[in-house]
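This report goes through the parts of one protein model in turn. It begins with the surroundings of the ligand and ends with a single residue.

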Amino acid sequence: MSEPMIDLRSDTVTKPGTAMRRAMAEAEVGDDVYGEDPTVTLLERRTAELLGKEAALFVPSGTMANQIGVGVHTRPGDELLCDPTAHVYMWEGGGVARLWGVTPRTFVGTGVDGNWSAADLEGKIRVDDPHYVRTRLVSLEITQNRLGGLVPPHEVVAATAAWARTHKLALHLDGARLMNAVVASGLTAAEWSRHFDTVSLCYSKGLGAPAGSAIAGSAASIAAARRLRKLLGGGMRQAGLLAAAALYALDHHVDRLAEDHANAKLIADVVAKTDGLSLEAGRVDTNLIWIVVDPSLGTAADFVTRLKRAGVLVSALGPQVIRACTHLDVAQDQAERAAAAIKQVALMGNLD
Ligand SMILES: Cc1ncc(COP(=O)(O)O)c(C=O)c1O
């Protein structure tokens, strides 16, 4: 029998295991739009505590959590400052403009590992003049997907946030993979979150739940977020079935993220030593491995096709860039096999 494919396309491809499914099946539920689902209420309380915020709101996706974050802090005609590769800017369908009438203004990080710093934001605030939009919000992402999933230096995050506060800007954190940063850094989720007014967190990435995210913040901002969730069609009824999976993930799948990070490093070590391949960010801190494919090996899409034939799925996310991602459903021996396959495909060169 042939081995099943090793799926490294994303950490969203995990499937709930038996124990998680049991927790879902046994969840107490009610109509959450009426505020009557005890499992959702429990998840929201736990998430608020985890992130050190007054309140949290369960939403269907990370995209909705980020969009609600932008909606809470802005009015039409406002401006959002973010990195040009931020998910909220690059991968959310232009939602900030379509939904909220907000203009994004990007700043390129020139700091450690390509990360932003207060210096990159300096001079980006519009003067108070009727010609201009109002600069209102800074959105950062930790870990930042397109910057290799690296953990930014905590002091840089603190200084950037302090700069934003001095200029009376609101701060949102896209924390889709915040728990990866927590496990990799040893800092708590609340320590990272305290610099931000609102924080989104995904249960359905490395934590392995089938769906769901949260946005956390002050009681007032989460009351506003609840209105926006309804407006966007994100009010779910017996959502405790999904919240139970997220609670299970918080109980059982946080510490084990270290295994994903170790597996990612194992793959990255092989990539770094393979001719024709290199690590885009120079190293791996968490579960994302962004790999540059030298044109002598063909395009990223060619490489993905050849690797698929060798039993490994990864994503082509640029003409010469692929991303591999470790997660709950990839064991160490599979990571080793994937690394060997990547090396083999590269060694075979641009042959079809
Ligand atoms: C950093 C980041 N933020 C937000 C999201 C959006 O999450 P969702 O797919 O649940 O909408 C993603 C998805 O990959 C992500 O990588």
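Helices (H or I, at least four residues) and strands (E, at least two) are DSSP runs, numbered from the N terminus. The model described here is predicted.

**Ligand shell**

Which helix gives the most to the shell around the ligand? Helix H3, residues 62–73, does so, with three residues. The residues around the ligand include Ser 61, Gly 62, Thr 63 and Asn 66. His 87, Glu 141, Asn 145, Asp 174 and Ala 176 are also around the ligand, as are Cys 202, Ser 204 and Ser 213. By class, this shell has two nonpolar, eight polar and two charged residues.

**Domains and core**

The protein chain is divided into domain 1 (18–252) and domain 2 (256–348). Between the C-alpha centres of domain 1 and domain 2 there are 28 Å. Their contact takes 16 residues from domain 1 and 13 residues from domain 2. On the side of domain 1 that touches domain 2, seven residues are nonpolar, seven are polar and two are charged.

The largest nonpolar core has 110 residues. Ala 245, Ile 267, Ile 289 and Ile 342 touch the most other members of this core. Helix H11, residues 240–252, gives the most to the core, with nine residues. The core lies between domain 1 (18–252) and domain 2 (256–348), because both give residues to it.

Ile 289 can be followed further. Leaving aside neighbours within four places in sequence, Ile 289 is in contact with Ala 264, Ile 267, Ala 268 and Val 271, among others. The remaining contacts of Ile 289 on that basis are Val 284, Arg 323 and Ala 324.

**Strands E3, E5 and E6**

Strand E5 takes part in two pairings, listed below with one bridge from each.

| Strands paired | Sense | Bridges | A bridge pair |
|---|---|---|---|
| E3 (residues 78–82) and E5 | parallel | five bridges | Cys 82 and Ser 139 |
| E5 (residues 134–141) and E6 | parallel | five bridges | Leu 137 and Ala 170 |

Strand E5 is mostly covered, with seven of its eight residues buried. In strand E6 (residues 170–175), six of its six residues are buried. Both faces of E6 are covered. On one side the buried residues are Ala 170, His 172 and Asp 174, and on the other they are Leu 171, Leu 173 and Gly 175. Asp 174 thus appears twice in this report: on a covered face of E6 and among the residues around the ligand.

**Gly 69**

Gly 69 has its place in helix H3. Is Gly 69 buried or exposed? A residue is buried if 20 or more other C-beta atoms lie within 10 Å of its own. Gly 69 has 31 C-beta neighbours inside 10 Å, so Gly 69 counts as buried.

Which residues is Gly 69 in contact with, leaving aside its neighbours within four places in sequence? They are His 172, Thr 198, Ser 200 and Ile 215. Gly 69 and Thr 198 are 129 residues apart along the chain, and their C-alpha atoms are separated by 6.5 Å. His 172, another of these contacts, is one of the buried residues of E6.

Methods. Residues are numbered from 1 along each chain as its sequence is written. This is a predicted model: local features need pLDDT of at least 70, side-chain atom pairs count only at pLDDT 80 or more; totals for chains, interfaces and linings use all residues. Domain bounds come from an automatic or database domain assignment. Two residues are in contact if their C-beta atoms, placed from the backbone, lie within 7 Å. Ala, Val, Leu, Ile, Met, Phe, Trp, Tyr, Cys and Pro count as nonpolar, Asp, Glu, Lys and Arg as charged, and the others, Gly among them, as polar. A residue is near a molecule or strand if its C-beta atom, placed from the backbone, lies within 6 Å of it. A nonpolar core is a set of buried Ala, Val, Leu, Ile, Met, Phe, Trp, Tyr and Cys residues joined through C-beta atoms within 7 Å. A residue is buried if 20 or more other C-beta atoms lie within 10 Å of its own, exposed if 12 or fewer, and partly exposed in between; C-beta atoms are placed from the backbone. Two strands pair if DSSP finds at least two bridges between them.
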